[in-house]
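Visitor: Could you take me through one part of this model up close? I'd like to hear how the helices pack and how the aromatic rings pair up.

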Amino acid sequence: MTKNEKRFPLQLSSVMDSAKQQTHRQSISAHLVKTATPQTATQNAAKHGASKQDAAKNSLRSSSLSPNPTTKSDQTSSNVVSSRPLVSDGVRRAMVARVAQQGVKDRLVLAALEAIPRHLFIESGMSSQAYVDASLPIGHHQTISQPYIVARMIEIMRNDGKLNRVLEIGTGCGYQAAVLSLVAKEVYSIERIKALHELAKNNLRPMRIANIRLHYGDGMLGLPQVEPFDGIILAAAGMEVPKALLEQLAIGGRLIAPVGGAKQVLQLIQRTAKHEWQSSILEQCHFVPLHQGVI
C-alpha cells in the first residue's frame, strides 16, 4: 500500500500477518484496591446535570497534573490532538489530577488520559460534562466509561509492563481505544453495534491514529486471527469471561473485565501457562451488559 492509499481506521484484513509474533511476557501478581464509585450514566445525570457550570469552574480551580515521561507515546500524544482546538485543557488536566488522587499511579496512563480530548467523543450538547469523572450516554443504551475506570483498568492490565498487542471488547465511541493507542503498540477493538462502530470510526478518523484497528463483530468471540494478546480489556459486563477470550490471551498476559449482574466487580485474569489462569477480584464497578452477536 502506497502512502497515498493509507486510510484510517484501517480494516482488520489489511493488517493481518500470517506469521504470529512471539514476544517475551513478564510474570506479574495481582493486588487488591479499595472500592471506587461505580460508573453509571443515570447516576451522572442525577448528580451532575443541575450543576454543569459549577463543576467546570471547580475543575479549573483544582490542582493540575503534569506527567512528563519521556516516551514515544508522549510524542504521539501531542500529534494526536495538535490538529484540533482544545477548548478544555485546564478542565482536562484537573480531571486527570482527580483520577490520580483516586489512586491511579501509572504516569504513562495518566499522560495518555490527559492527551486525549474526551469532549470530542460525546455529543456537543454534553461537552460541559465531558471532564466530570462519570460515565455519559452515547446512544444505543451504551456509555462512554468514567475516566477513572478507564485509567484504572488500563493501569491494571499494563502493570508497568510493555503492551505490544491489546484487544478491546466494546469500542463504543472510540475514547478508550484512543487512550489505549498511547500505551500499546497495537490496539484491536471490536464493536457489535454497527452504528457505534461507525461512530467510533468518525470520531477517530480526524486524529489519524495509525495503531488502532477497528472491527465490527461479536466481541465474545474475540479475534483469533490476530492472537495472542498481551492484554484484553472488556467494556461490558457478563456473568463470566468468555472462554474464547481466555484462549486468546498470551501466556503472561492480563485480562481485565467487569463481571456480574446487578452487582459487578472488576476481575483480573492472568494466563500463567498454556492451560492455566489465575483470577483475582478487584473493586466494584458498573457497566452495561455484555451481549453476543451483532446488531
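Guide: Here's a walk through the helix packing, followed by the aromatic pairs.

First, the ground rules: this is a predicted model, so local features need pLDDT of at least 70 and side-chain atom pairs count only at pLDDT 80 or more, while totals for chains, interfaces and linings use all residues. Residues are numbered from 1 along each chain as its sequence is written, and side-chain values use heavy atoms, with hydrogens and water left out.

Let's start with helix α4 (residues 89–101) and helix α5 (residues 107–115), whose axes come within 9 Å and cross at roughly 150°. That makes α4 roughly antiparallel to α5 (the word is for angles over 145 degrees, on a scale from 0 to 180 between N-to-C directions, with axes fitted to C-alpha atoms over the stretch in contact). Their crossing is right-handed, meaning the near helix is turned clockwise from the far one by less than a right angle. On the α4 side, the contact (heavy atoms within 4.5 Å) is made by Arg92, Arg93, Met95, Val96, Val99 and Ala100, and α5 brings Leu110, Leu113, Glu114 and Ala115. By class, that contact has seven nonpolar, no polar and three charged residues (Ala, Val, Leu, Ile, Met, Phe, Trp, Tyr, Cys and Pro count as nonpolar, Asp, Glu, Lys and Arg as charged, the others, Gly among them, as polar).

α5 also packs against helix α6 (residues 147–158), at an angle of about 145° with the axes 9 Å apart. This crossing is right-handed too. Here α5 uses Leu108, Val109 and Leu113, facing Pro147, Val150, Ala151, Ile154, Glu155 and Arg158 of α6. The tally is seven nonpolar, no polar and two charged.

Now for the rings. The structure holds two aromatic pairs (ring centres within 6.5 Å, using the six-membered ring for Trp; planes over 60 degrees apart count as edge-to-face). Phe121 and Tyr175 are edge-to-face, 5.7 Å centre to centre with 70° between the planes. Phe121 sits in the loop between α5 and β1 (136–139) and Tyr175 in helix α7 (residues 175–180), so the pair ties together parts 54 residues apart in sequence. Phe121 is buried at 3% relative accessibility (buried means under 20%, with a 1.4 Å probe and protein chains only), and Tyr175 is buried at 1%.

Tyr188 and Phe229 make the other edge-to-face pair, at 6.1 Å and 70°. Tyr188 is in strand β4 (residues 184–191) and Phe229 in strand β6 (residues 229–234), so this pair links parts 41 residues apart in sequence.

Notes
Helices (H or I, at least four residues) and strands (E, at least two) are DSSP runs, numbered from the N terminus. Angles under 35 degrees count as roughly parallel, over 145 as roughly antiparallel, 65 to 115 as roughly perpendicular and the rest as oblique. Rings of Phe, Tyr and Trp (its six-membered ring) pair if their centres lie within 6.5 Å; planes under 30 degrees apart count as stacked, over 60 as edge-to-face and the rest as tilted. Buried means under 20% relative accessible area, exposed over 50%, partly exposed in between (1.4 Å probe, protein chains only).
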